Structures are given as structure tokens and as C-alpha cells.
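Here is a quick tour of one protein model, for anyone who likes strands and cores. Have a look at the sequence and the fold first, then read on.

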Amino acid sequence: MGMFSESVDVVCTPAGQPLKLQWAGRHYTVCAEPVRWYERRQWWAEERRAPLGSGPGLVDHEIWRVQVQADPRSAGPRDAAEPLTLDLSRHIGSGRWRLLRIHDALRPQTA
């Protein structure tokens, strides 16, 4: 399992669930029901102070575990065969997405 933080572009359903993503120059489609949970973050190490009433988003990270299949048009023959399981984090305030973990041995090579 690889663990890091890298920006990804995510397209969501109207309910906010990940549907498609772009990462490392390739396009992926979510191919199984994603799972969502929240993790505590060390906000005191990242923020100078916590404004009153700012608990949601400040204290917790929204994490999604998704299984994705590479779009055959943007993937090599090996990438298109096996789905990847990824953990994504969405920053609640900005809506930005980060790739946190790769649970599979194979991952795309950056160009």
C-alpha cells in the first residue's frame, strides 16, 4: 500500500459521491459502491486557532475509499485490466480532492 498526498480531479454525483476521477494523466471510472468515513486530523498543527463554530471540516477529514477502472483510451493494456482501490480525501471548505492511499501493488506511472 502506498501512502502520500497528491491532487486529483474528481467528478461527483449530485449527492457528492465520487463518480469519475483524473490522476496522473489518466481517467478512471468508479466501478463499485464507494465507502465514506471521517478521520480526525491534527488541526492544531495546521491552524493557528479554531474559530468558534468551525468544527465540521476543521476537526475531521472526509475520506472516500473507491474502486476505479481505468478508461481504456487513457490507459495502457496493463492498467485497463485491474481495478485500483484508492483512498481519497475531500477538503470540506474548498472542495479540493487529494489521493491519500493506493491499496493495490500497481499504480500508473507519471509521464
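## Confidence, strands and core

Confidence in the protein chain bottoms out in helix α2 (residues 55-58), with a mean pLDDT of 57, and peaks in β2 at 96. That score is the predictor's confidence in each residue, from 0 to 100; helices (H or I, at least four residues) and strands (E, at least two) are DSSP runs, numbered from the N terminus. The chain average is 80, and 65% of the residues score at least 70.

Some housekeeping: this is a predicted model, where local features need pLDDT of at least 70, side-chain atom pairs count only at pLDDT 80 or more, and totals for chains, interfaces and linings use all residues. Residues are numbered from 1 along each chain as its sequence is written, and side-chain values use heavy atoms, with hydrogens and water left out.

Now to β6. Seven of its seven residues are buried, that is, under 20% relative accessible area, with over 50% being exposed and anything in between partly exposed (1.4 Å probe, protein chains only). L84, L86, L88 and R90 point one way from the strand, while T85, D87 and S89 point the other. In a regular strand, side chains alternate between the two faces of the sheet.

What does β6 pair with? The table has its partners; two strands pair if DSSP finds at least two bridges between them.

| Strand pair | Sense | Bridges | Opposite residues |
|---|---|---|---|
| β5 and β6 | antiparallel | seven bridges | R65 and D87 |
| β6 and β7 | antiparallel | five bridges | L88 and L99 |

β6 and β7 also make a hairpin with six residues between them, and G95 in the turn has a positive phi of about 80°.

The largest nonpolar core has 16 residues, and L21, W23, V66, V68, L86 and L88 have the most contacts inside it. Such a core is a set of buried Ala, Val, Leu, Ile, Met, Phe, Trp, Tyr and Cys residues joined through side-chain atoms within 4.5 Å. β5 gives the most to it, with four residues. L21 touches V66, V68, L86 and L88, among others, where contact means heavy atoms within 4.5 Å.

There is one aromatic pair. The ring centres of W23 and Y28 are 6.3 Å apart with planes at 35°, so the pair is tilted (centres must lie within 6.5 Å, using the six-membered ring of Trp; planes under 30 degrees apart are stacked, over 60 edge-to-face, the rest tilted). W23 counts as buried because its relative accessibility is 3%.

Notes: Lists of a residue's contacts leave out its neighbours within four places in sequence.
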